[in-house]
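Reader: I have a model open and want to learn how to read it. Can we go through it feature by feature?

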Amino acid sequence: MWRFFDSLRGQLVLLIIAALAAAQAVSLWLFVDERGLAVRAALGFEAAGRAANVARLIEEAPATLEPAILRAANSPLVRFDMSDTPTVDHDTHADSGAVEARVRGLLGAKDTREIRVEVHEVDHGILPMPHMAPEMAEMHLAMMRGDLSAIEMQLSIALTGGQWLNVGTRFERPPLQWPWASFVSFGITAAIILVAACWFLLTRLTGPLLRVSHAADSLGRGENVNPLPLIGPAEVRDLTRTFNRMQDRLTRFLAHRTRLLAALGHDLRSPLTALRVRSEMVDERETRDSLVASIEEMQEMVDSTLSFARGIASSEDYETVEMGAFLGQLRADMLDNFSLQEGETVHLRLRSQSVRRALRNLIDNAERYGGNVDVSYGREDDHAIIRVADNGPGIPDGELEQVFEPYFRLEKSRSRETGGTGLGLSIARTIIRAHGGDIGLTNRAEGGLVATVTLPLGPEPLKQERTTT
């Protein structure tokens, strides 16, 4: 599961879902707030409209009907009474004059009477209105449960007789009614559709990227990779096109250098053969032997150069091997001239003949200069590790890297006798690096040298493999 969330696809899906969820939450909050404002405004305007109608009715009806009109107008949430003084003692409006404008609109555009409005929140929720009948108050509290925030509006309207019509009302923000079954069903359906759509779209993005990643890893390990198809978004197609161009340039460069080395080695063979024939015609034995030795040394260097070129560009196919069986077969082929320590089971893809040749060079070199050779293998993270240890004198630290240079021969520090052309380690490292790995040398504290070969295990192959044991 963590691997999915660590991938580009998983992170983009989570990002999109989180962004949509945040947007929906903000929209819901705005909707709830706007809904509450709209409800309160509607209730306030309804109370203001009733107040304007009651004021007009009182002014037009006989004075004896005033008590009856007030009783008929009262309700559990709106209270009407008349007095000589207004309940609202100021003429400023907290609601920007909206309620006053509503009342004046109902009383007549030319009406200039004084209208005072006070709107404020009630701290402890809706409480029964003053002067409310006990049974109505009890019913009101049961309905409201005492847990809803409320808005209180006081309205004082000047009447023509000099009295004031005082109106008091309280209204609450109605709670949201959540149909949980519908809400959950909608959320699950939307999530499924969203994830499916994102998965389809992201597959078009991450699929080609994974293909480029696998191809780049295979190219780094020396495999022949066919040109990748140009699919996916424009940016991914540009990346794939660039990778194909890079692969083509690297292949052409490597092929050109290999042909150059092979041609050089091949062209040198003919004059060397001619020199060998002519040297046999020299009468003086000492001179003849010296010439033959020099020519044979040159011939060996030419052969090593050709071997070096073949190590750079091998047409051998990759295959999957089990490291223990692979090294066991190498040990049998070399007539058991090294000891092999059993390690954990490790499978990896490689050119078996090329890697066999590189390991043979390392083991022969260790045996020639270090005596007993001990080979071990294992796995560290995503790499296979092969260690070739000997009991020789080692190499000065300053020359541990220099010995990998072509034709470099270390004469003094490790040899019992001079040998080789100085290409054995170069060929071994070239082969291993062509597989995406490397070779390093370190001196052991107890004496001797350890050559550590690192080979990447690599991702799942892009093409079908064959397994070799």
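Author: What follows is a short walk through this chain, from its overall make-up to single residues. Keep in mind that the model is predicted.

Reader: Start with the whole chain. How many helices and strands does the secondary structure come to?

Author: There are 11 helices and 12 strands. Next comes burial, where a residue under 20% relative accessible area counts as buried. Of the 469 residues of the chain, 36% are in that class. Then look at contacts along the sequence. Among those with a separation of 6 or more, 69% join residues 24 or more positions apart.

Reader: Now one helix. What span does α10 reach, and what is expected?

Author: Helix α10 covers residues 352-370, which makes 19 residues. From first C-alpha to last, α10 reaches 26 Å. The expected figure, at 1.5 Å a residue, is 27 Å, so the two are close.

Reader: Which residues of α10 are buried?

Author: The list includes S352, R356, L359, L362, N365, A366 and Y369. G370, in α10, is buried too. Just after the helix, G371 takes a positive phi of about 80°.

Reader: Where else should I check phi? Which residue has a positive value although it is not a glycine?

Author: D381, with a phi of about 55°. Place it first: D381 sits in the loop between β8 (373-380) and β9. Then check its accessibility. D381 is at 70%, and the cut-off for exposed is over 50%, so D381 counts as exposed.

Reader: On to internal space. How many cavities of 30 Å³ or more does the structure hold?

Author: Three. The largest holds about 80 Å³ of space.

Reader: What lines the largest cavity?

Author: Its lining has 11 residues. Nearest the centre are L362, N365, L441, L449 and A451. L362 and N365 are also on the buried list of α10. By element, α10, β9 (383-390) and β11 (449-456) each supply at least two lining residues. By chemistry, the lining divides into eight nonpolar, one polar and two charged residues.

Reader: Charged groups next. How many salt bridges does the structure hold?

Author: The total is 12. For each one, ask three things: the distance, the place in the sequence and the exposure.

Reader: Take D81. What is its partner, and how far apart are the closest N and O atoms?

Author: The partner is R79, and the distance is 2.5 Å. Exposure separates the two ends. D81 is partly exposed, at 25% relative accessible area. R79 is buried, at 16%.

Reader: And R104 with E100? Why are they separated by about one helical turn?

Author: Because R104 and E100 are four residues apart in helix α4 (residues 98-107). Their closest N and O atoms are 2.9 Å apart, in a salt bridge. E100 is buried, with a relative accessible area of 16%.

Reader: What about R387 and E380: buried or partly exposed?

Author: R387 is partly exposed, at 33%. E380 is partly exposed as well, at 41%. Their side chains meet in a salt bridge, 3.0 Å from N to O. Now tie this to the strands. E380 falls in β8 (373-380), while R387 falls in β9 (383-390).

Reader: Which residues are linked in a network of salt bridges?

Author: E401, R429, R433 and D438. View these four side chains together when you inspect the network.

Notes:
Residues numbered from 1 in each chain as written. Heavy atoms only, no water. Buried < 20%, exposed > 50% of the residue type's maximum accessible area, 1.4 Å probe, protein only. 1 Å grid on protein atoms, 1.4 Å probe; cavity = no way out; pocket = protein on both sides within 12 Å on 5 of 7 lines; lining within 4 Å. Points joined across faces, edges and corners; volume = space filled by probe spheres on them. Nonpolar A, V, L, I, M, F, W, Y, C, P; charged D, E, K, R; others polar. Contact = heavy atoms within 4.5 Å.
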